[in-house]
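Let's take a walk through this model together, from one strand out to the contact between chains. Keep the viewer open as you read.

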Amino acid sequence: MAQATRRKPVAKAAGATVSARIAAQSHFQTLRLGTPFQPRIDALAKTQDWYNWAGYRAPHSLWDEELEYFAIRSQAALFDISPMTKYRIEGPDAEALLNRVTLRDVTKLRPSRVHYTAWCDDKGFVLDDGTLFRLSQTRFRLCSQERHLPWLLDSAVGFDVKVEEETEAVAGLALQGPTSFAVLRDAGFAGIERLRIFDLADFPHGGGTVSISRTGFTGDLGYELFVPADKALSLWDRLMTSGELRGIRAIGYTALNRARLEAGLMVANADFTTAEHAIRADRLRMPDEIGLGFMIDLEKGHFNGRRAILEARAKRKLRHVLVGLEIDGNVPAEHAIVYHKKAQEVGLVSAAMWSPMAKRNIAIASLARPYGDTMVEDLWVEIYAMRELQYQKLMKRAKVVARPFINLDRRTANPPADF
Amino acid sequence: MTSFETIVIGGGHNGLVAAATLAKAGRKVLVLEAGGEIGGAARTEEFAPGFRASSVAHLLNRLHPDVVKTLELERHGLQFARADFVPSVALSKDSPPLVLHGAYGEVLTGASSSEQSAWKDLRAQLLRYAGILKPFLSRRPPDLAGMSLLETASLGQTALALKKLGKEDMRDFLRVLLMNVADLLDEQLEDDRLKGLLAFDATLGSHLGPRSPTSLLGLYYRLAGETGGTAGAQVLPQGGMGAVVAAIRASAEKAGVEIRTSAPVAKIIVEKSRAVGVALDNGEVLRANTIVSAINPATTFLDLVGPREIDTGFMRKVKNIRMKGDAAKLNLALDRPPQFTGVDAASHKGRLVIAPSPDHVERAFNPCKYGELSPEPVMEVTLPSLADPSLAPAGACVLSAVVQYAPYALKEGWDAGKPKFLRAIMEQLEAYTPGIGKSVVRAELLTPADIETRYRMPGGHWHHGELQADQMLVSRPVSGWSGYDTPVEGLFLAGAGSHPGGGVSGAPGLNAARRIIAMKG
């Protein structure tokens, strides 16, 4: 009896430990996290077509891929970008740290501005690309595809700066399409018309603020909105209500992926392999090899990979090039092999589509130099078109063309047009 | 603002060797030493009125022959003959001492005849194997990314040397290479005193016990050194270690090297990824084409260059260099020479080692893993004033000892730990030389924390980075940058933190200078 009474509290304590442990294990009880917008998205998800975006349950499509795409191009499309990795970098040395970590000159990025940038490891291989938001003189938000907290923290040693992951704390929405400006204006974001492309500003929302930038991943008129997670649903509702008569639609990634390809934009680990993910040595890419050479600023002082990039340029060790292709016909050349003179394999298509806007069969491809660089004639792609359980092999001529594949005046028009 | 061709930061022996070698190749060289005196941890200093001792390094056993030759040190008064070699004495509480005479025990006395013959075999084997590694000391580690013909050829020579061992010996070399020293000793020897001494030598200056994997490498490193052309030989330089540095300095100055003391460098100035000069503590700026840092690699990059000029991956590697020392230095001013029980007069002039068995050394190491002191520390003791009376007042004596294990990051802190450790050391000494405590006029104990402050050696580590397999050769100071050049163009490393490592060898300084000359850097 004495034993039994003694044992009980021990068992209780053990039970408490176990339940505490179980409570801390949500990461594998919920294998795909929901974003702060999940209740709204779930309600609209007629196709139940999900994929895994950085651990989050994100929609490929919600109701119809085609119509979702056209919502971007003719109405206003609302896309949940909360799973995007977000870092808050703040402190007197934030600018210096980011100047050392990223390729572009951060001193030229004024407060309330955004730029597209990329960063490399010591060997000059691209770790990721992303957007850098300068929220104030000393506060930045870095958004990217992959996670980089250890890299950023190790980079921050010796700098007076605080680096924090805010992916979960901050919800994000992309509102893209010709009526997006009108939707925001009608939602009551006073002064939104003053935002030029790559500008950002704070607007009041629900007792707090929402940070809105005129940025996006579609090549269209559009905005990105960042808000504390607890204000996410009210922001969604505010936009949906004001956008009702302007054709606002929630969309999934398939539609966005088409729009970004028309805009000529790359996706890390789709169009190139990031340095920390690459297992094979020849998959690593320097900025010059994926069309990001323009970001490299040799005048700004030291930055990660500078030495290696300079050496590769000097010794002509750049082996690849990323190009836009226009391909004959109308069959998308997704993951097709690129040939020179129909015989020699010189590269691979990483993304392709028939572009309804450009009315062209377009693609992004990685080629082995000099092909795509100095040798651009006589390139072909071999498309395997499945036709009722039989491959029809199409050898189509490909032409290297400039990106973006479409240029929409409304993207940059000031003030933005009221559709 | 003044301009030089080359500035060497750090007037320790490696900095001076690098400077002298570069000056002999026709360069205009300036050495900047932060302290009031050059020599770093290889000085002779007065620690009590009339008593002088070598600062940290007190035995010369690895000054590289190429350094002696290149700097013509013999012409500058540094000459050693066989008669100068001092014995090693393995002390024991319960039996008479065992003495290794000549160069690391060419003759062994005090052991059984079977042990003598076992030692003869083991010694020959150890020297043979150390000899395979020896050529690596005096050249850059192989550059795995882009090996030159010369490098490939010299690696080939190592392969050939291995092959020359014969099949059985070669296999055995590879078998034992990464072994722990205790297991190897147990295979071949019986005598605890002998095994204790070898276990002590293998682990001296590293964060390893004799039963830690790879601890045998430390013994190879020790035996790859030579003095007066004889492998394994050791001497107590007349005038202390400062005399060795004085000879190097004389050679450097003869070659035209300019030396400035009390000139601490605050910053290495980098412009467009290239080192162009240094700024001193007082704000003075000195420009040069080549900057050679013969100080600690972590200090060089984390403090002097700073993270803004360096890639994150490289900084990560530098930050991860392990360099927490475990060795303390004891200087005792004694009013009369001590008498170690059972040790004859000649052996008193040698190296007296208190490490009675490998188990004893291992037990001394155990607490240090957890940031605690060895209650029964192991040590090597020298009485330099016996052979060089100038070091002590008439009739008095200097005792200089290197003692392990004194963990740099002592949990209780060194304020509390230092008196405790001194007591533990004195207890050990008292057991081997009864009455010594009463003859102490002054005791100076330098803990790793003291060594760090006094000699600007982070972690108080005389190798400027643990000398273990993962921080050797191509991984020293960090992988990818083991060849003395650095990611900052025009900046080179030349200190003990670089290959091959610490000890008064001059090898890092010489190798670095050779590299700079070869690169026309």
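In this predicted model, strand S4(A) pairs with strand S8 (residues 162-165) of chain A through four bridges, and the two run antiparallel. Strand S4, residues 85-90 of chain A, is also joined to strand S7 (residues 139-144) of chain A, again antiparallel, by six bridges. A good residue to click on is Tyr87(A): its bridge partner in S7(A) is Leu142(A), while its bridge partner in S8(A) is Glu165(A).

Here are the two pairings side by side.

| Strand paired with S4(A) | Bridges | Direction | Partner of Tyr87(A) |
|---|---|---|---|
| S7(A), residues 139-144 | six | antiparallel | Leu142(A) |
| S8(A), residues 162-165 | four | antiparallel | Glu165(A) |

Zooming out, the domain assignment splits chain A into domain 1 (38-84 + 169-262), domain 2 (85-165) and domain 3 (319-404). Between the C-alpha centres of domain 1 and domain 2 of chain A there are 24 Å. Ten residues from domain 1 of chain A and ten residues from domain 2 of chain A make up their contact. On the domain 1 side, strand S10 (200-205) and strand S11 (208-213) of chain A are the elements that give two or more residues. That side of domain 1 of chain A, sorted by class, holds six nonpolar residues, three polar and one charged.

Now for chain A as a whole. Eleven helices and 19 strands make up its secondary structure. The C-alpha trace of chain A spans about 90 × 55 × 55 Å along its principal axes. Its radius of gyration is 24 Å, which agrees with a compact globule, because a globule of 419 residues would have a value near 22 Å. Of the 419 residues of chain A, 45% count as buried. Among contacts in chain A with a separation of 6 or more, 68% link residues 24 or more positions apart.

Leu394(A) gives a local view of such a link. This residue sits in strand S19 (residues 391-401) of chain A and touches Gly329(A), Val331(A), Ile383(A) and Ala385(A), leaving aside residues up to four places away in sequence. Val331(A) is 63 residues away along the chain, yet its C-alpha atom is 9.0 Å from that of Leu394(A). Is Leu394(A) buried or partly exposed? Leu394(A) is partly exposed, because it has 17 C-beta neighbours inside 10 Å, and a buried residue needs 20 or more.

The largest nonpolar core has 162 residues, and Ala19(B) and Val244(B) touch the most other members. Helix H9 (residues 241-254) of chain B gives the most to this core, with eight residues. Ala19(B) touches Val8(B), Val29(B), Val31(B), Ala252(B) and Val257(B), not counting residues up to four places away in sequence. Another core, of 114 residues, lies apart from it and includes Phe79(A), Cys143(A), Ala259(A) and Ile309(A). In soluble globular proteins, nonpolar side chains tend to be buried together.

Finally, let's look at where the chains meet. Chain B brings 14 residues to the contact and chain A brings 15 residues. On the chain B side, helix H11 (residues 312-319) gives the most, with six residues. By class, the side of chain B that touches chain A has five nonpolar, four polar and five charged residues. Within H11(B), Thr312(B), Gly313(B), Phe314(B), Met315(B) and Val318(B) are buried. The buried residues of H11(B) pack against helix H6 (149-155) of chain A and helix H10 (297-305) of chain B.

Terms used:
Residues are numbered from 1 along each chain as its sequence is written. Chains are lettered from A and ligands numbered from 1 in the order in which they are written. This is a predicted model: local features need pLDDT of at least 70, side-chain atom pairs count only at pLDDT 80 or more; totals for chains, interfaces and linings use all residues. Two residues are in contact if their C-beta atoms, placed from the backbone, lie within 7 Å. Ala, Val, Leu, Ile, Met, Phe, Trp, Tyr, Cys and Pro count as nonpolar, Asp, Glu, Lys and Arg as charged, and the others, Gly among them, as polar. A residue is buried if 20 or more other C-beta atoms lie within 10 Å of its own, exposed if 12 or fewer, and partly exposed in between; C-beta atoms are placed from the backbone. Domain bounds come from an automatic or database domain assignment. A nonpolar core is a set of buried Ala, Val, Leu, Ile, Met, Phe, Trp, Tyr and Cys residues joined through C-beta atoms within 7 Å. The radius of gyration is taken over C-alpha atoms; the globule rule is 2.2 Å times the number of residues to the power 0.38. Two strands pair if DSSP finds at least two bridges between them.
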